[in-house]
Structures are given as C-alpha cells and as structure tokens.
Amino acid sequence: MKTIGSILLSLFLLSAYSSLGQNSGDADKKQRPTLEKLEEMRLSFVLKRLNLSEDQKSKFEPLYAKYRKEYLILMNGKGSQHFEHKRPSQEDIQKMTDKEAKALVENDLAKKRKMLDHKEKYFNEFSKIMSHKKVALLFQAEIDFHKKLFKRMRKRGEKRQERKP
C-alpha cells in the first residue's frame, strides 16, 4: 500500500511541479529548474542519505539514472522526459459511460502494476550494489525529496499570492 501511496504522491508532485513553472514575468522570480537540474538535485539528495562507498557510488549512479529515466517514461507513457499527467475531473467522469469509466480504472491499475514491477526490478538491481537496508533508505529518500520539493513549491506559491495586489 505504501508503494501505491508513493506512486500517487509522485504523480501529484510531478504534476504540481509542472504547473508551477508558469512565470508571470517578474525578473526577481527564480526560474523553475529544468528536469535535468531537478534530477541532479534528486541524485545529490539521495547520495547524501545513502553514504555509499566510492565503489558503490560508481555502480549506483548509472543504474539510478536508468531507473529514473525508465520511471519518467512510465509516468508519461510516451517516452518523453516531460511529465504530462492529466486525470479526468469529477465532472468528466460523471459524463463518462460505464464502459469508459471501467477503461479508465483498468488503465490506471495497469499503470500502477507497471510502476510496481519497475520498482521491484530495480529493488533487485540496487540490492546487487548495496544492502537491502540501503535500498529501503533509497526509496525513503525519494519520498523525502518529494516532500521537500512539495514544501518548497508551496512556499513559492504562498509568496506569489502575497505579491499579488
């Protein structure tokens, strides 16, 4: 259940992060980091948490990059590194036929299964490099990174609201 929760949190955070990128043109506002920069920040955060040896680190970094690349592809479903996740609104669902609603739920469940399979695959791969405890710390570090990112985005949103006349 925690895995599904973390997947949902990831979906929410990435979609929230995407929507925060619209600048109002103020020169004093910080630019939103690119996906590449965000991945660098994530890697740095994770590495600090894991405290790996140089040998482990040299094996971990390319594997983690592959893990994240595949993760983003699964999230987007198109092979792009740009995250686009659009869930239908409650109003849209109300307008659906029962058959369309069933297809929506089945597609959602299939995507979650793929995400879980992906995480299990890389659990096994990461376990070849480091202990299971470190792999658990890795997955927790990713959750903590999302929380930190979300908190930062929320603060930026609050600052924007304060600046509006």
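The questions and answers below go through the helices, contacts and salt bridges of a predicted model.

Residues are numbered from 1 along each chain as its sequence is written. In this predicted model local features need pLDDT of at least 70, side-chain atom pairs count only at pLDDT 80 or more, totals for chains, interfaces and linings use all residues, and side-chain values use heavy atoms, with hydrogens and water left out.

Me: How many helices and how many strands are there in the protein?
Reply: Helices (H or I, at least four residues) and strands (E, at least two) are DSSP runs, numbered from the N terminus. From the N terminus on, the elements run α-α-α-α-α-α. The count is 6 helices and 0 strands.

Me: Which element of the protein has the lowest mean pLDDT, and which the highest?
Reply: pLDDT is the predictor's confidence in each residue, from 0 to 100. The protein averages 81, and 75% of the residues score at least 70. The lowest mean, 45, belongs to helix 1 (residues 2–20), and the highest, 95, to helix 5.

Me: How many contacts does the stretch of residues 11–28 have in the model, beyond near neighbours in sequence?
Reply: Contact means heavy atoms within 4.5 Å. Where pLDDT is low, the predicted coordinates should not be read in detail. Over residues 1–9 the pLDDT is below 50, and that stretch has 11 contacts beyond near neighbours in sequence. Over residues 11–28 the pLDDT is also below 50, and the number of such contacts is 30.

Me: What share of the residues in the protein is buried?
Reply: Buried means under 20% relative accessible area, exposed over 50%, and partly exposed in between (1.4 Å probe, protein chains only). The protein has 165 residues, and the buried share of them is 29%.

Me: What share of the contacts with a separation of 6 or more is between residues 24 or more positions apart?
Reply: One pair distant in sequence is Tyr-71 and Lys-114, 43 residues apart along the chain, with C-alpha atoms separated by 9.7 Å. Among contacts with a separation of 6 or more, the share from residues 24 or more positions apart is 72%.

Me: Are helix 3 and helix 5 roughly parallel or roughly antiparallel to each other?
Reply: Two packed helices are described by the angle between their axes and the distance between the axes. Axes are lines fitted to C-alpha atoms, for helices over the stretch in contact, and angles run from 0 to 180 degrees between N-to-C directions. The axes of helix 3 and helix 5 (residues 98–127) come within 10 Å and cross at roughly 175 degrees. Angles under 35 degrees count as roughly parallel, over 145 as roughly antiparallel, 65 to 115 as roughly perpendicular and the rest as oblique, so the two helices are roughly antiparallel.

Me: How do the residues of the contact of helix 3 with helix 5 divide into nonpolar, polar and charged?
Reply: Helix 3 contributes residues including Phe-60, Leu-63 and Tyr-71, and helix 5 residues including Met-115, His-118 and Phe-126. Of these, Tyr-71 counts as buried at 7% relative accessibility. Ala, Val, Leu, Ile, Met, Phe, Trp, Tyr, Cys and Pro count as nonpolar, Asp, Glu, Lys and Arg as charged, and the others, Gly among them, as polar. The division is 10 nonpolar, 1 polar and 6 charged.

Me: Leaving aside neighbours within four places in sequence, which residues is Leu-43 in contact with?
Reply: Leu-43 is found in helix 2 and counts as partly exposed at 22% relative accessibility. Its C-alpha lies 8.2 Å from that of Tyr-64, a residue 21 places away in sequence. The contacts are with Phe-60, Glu-61 and Tyr-64.

Me: How many salt bridges does the count come to?
Reply: A salt bridge is a side-chain nitrogen of Lys or Arg within 4 Å of a carboxyl oxygen of Asp or Glu. One of them joins Lys-128 and Glu-125, with the closest N and O atoms 3.3 Å apart; Lys-128 is exposed at 65%, while Glu-125 is partly exposed at 28%. Shared partners also join Glu-39, Arg-42 and Arg-68 into one network. The count comes to 10.

Me: How far apart are the closest N and O atoms of Glu-39 and Arg-42?
Reply: The two residues are 3 residues apart in helix 2 (residues 35–50), so about one helical turn separates them. Glu-39 is buried at 17% relative accessible area, and Arg-42 is buried at 1%. Their closest N and O atoms are apart by 3.5 Å.

Me: Are Asp-55 and Lys-59 buried or partly exposed?
Reply: Both lie in helix 3 (residues 54–76), 4 residues apart, about one turn of the helix. They form a salt bridge with closest N and O atoms 3.3 Å apart. At 45% relative accessibility for Asp-55 and 45% for Lys-59, each counts as partly exposed.
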